[in-house]
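Colleague: Could you take me through one part of this model in some detail? I would like to look closely at the charged pairs and then at what surrounds them.

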Amino acid sequence: MRTAMWVLVVFGAFDLLACAALLAVAWAEHRRVRREAAVTGEVVPSAAGQFGCLAALGLAGFALLYGAAWLLLTE
């Protein structure tokens, strides 16, 4: 059972890292679109609030994952 828990924890960590990478790509693309819009004089609203919320949820996910791993694997 301990091996199965380790596998789940490792894949959960990979999943959270993939979500973080996707968030970074979306942030970079949004900044590129804002720069292009600034050149043409258009206004694109900031998405900092949404990205901040997603980043906070990702950090909470890491904390929950490693907290659960610690609880389950230290028995």
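**The salt bridges and their helix**

Modeller: Happy to! The structure holds two salt bridges, and please keep in mind that this is a predicted model. Side chains of opposite charge can pair when their charged atoms come close. In one of the bridges, the side chain of R32 meets that of E29, at 2.3 Å from N to O. The other joins E36 to R32, with the closest N and O atoms 2.4 Å apart. Salt bridges that share partners thus link E29, R32 and E36 into one network.

The spacing along the chain is worth a look. R32 and E29 both sit in helix α1, three residues apart, which is about one turn of the helix. E36 and R32 also both lie in α1, four residues apart, again about one turn. As for exposure, R32 has a relative accessible area of 35%, and because this falls between the 20% and 50% limits, R32 is partly exposed. E29 is partly exposed at 38%, and E36 is partly exposed at 45%.

Now for the helix that carries the network. Helix α1 covers residues 2-40. With its 39 residues, α1 reaches 58 Å from first to last C-alpha, close to the 57 Å expected at 1.5 Å a residue. To get a feeling for distance along α1, take L8, which is placed in this helix: L8 and R32 are 24 residues apart in sequence and 36 Å apart in space, C-alpha to C-alpha. L8 is exposed, with 57% relative accessibility. Just after α1, G41 takes a positive phi of about 90°.

The buried residues of α1 are V9, G12, A13, L16, H30 and A37, and they pack against α2. H30, with a relative accessible area of 17%, is buried. Apart from its neighbours within four places in sequence, H30 is in contact with V44, P45, S46, A47 and F51.

F51 brings us to the aromatic rings. A pair of such rings is described by the distance of the centres and the angle of the planes. There are three aromatic pairs in the model. In one of them, the ring centres of W27 and F51 are 4.7 Å apart and the planes stand at 80°, so the pair is edge-to-face. Since W27 lies in helix α1 and F51 in helix α2 (residues 48-73), the pair ties together parts that are 24 residues apart in sequence. W27 is partly exposed at 34% relative accessibility, whereas F51 is buried at 14%.

On the α2 side, F51, G61, L65, A69 and L73 are the buried residues, and they pack against α1. The 26 residues of α2 should span 38 Å at 1.5 Å a residue, and its end C-alpha atoms are 37 Å apart, which agrees.

One last stop is a surface feature of another kind. W6, V7, V10, F11, F14 and L17 form a nonpolar patch on the surface, with about 610 Å² of accessible area together. L17 belongs to helix α1 and is partly exposed, with a relative accessible area of 48%.

To put the picture together: R32 pairs with E29 and with E36, while the buried residues of α1 pack against α2.

Notes: Residues are numbered from 1 along each chain as its sequence is written. This is a predicted model: local features need pLDDT of at least 70, side-chain atom pairs count only at pLDDT 80 or more; totals for chains, interfaces and linings use all residues. Side-chain values use heavy atoms; hydrogens and water are left out. Patches are made of residues with over 30% relative accessible area and no salt bridge: like charges are joined within 9 Å, nonpolar side chains (Val, Leu, Ile, Met, Phe, Trp, Tyr) within 5 Å. Accessible areas come from the Shrake-Rupley method with a 1.4 Å probe; for residues, only the protein chains shown count as cover. A salt bridge is a side-chain nitrogen of Lys or Arg within 4 Å of a carboxyl oxygen of Asp or Glu. Helices (H or I, at least four residues) and strands (E, at least two) are DSSP runs, numbered from the N terminus. Buried means under 20% relative accessible area, exposed over 50%, partly exposed in between (1.4 Å probe, protein chains only). Rings of Phe, Tyr and Trp (its six-membered ring) pair if their centres lie within 6.5 Å; planes under 30 degrees apart count as stacked, over 60 as edge-to-face and the rest as tilted. The expected span of a helix is 1.5 Å times one less than its number of residues. Contact means heavy atoms within 4.5 Å.
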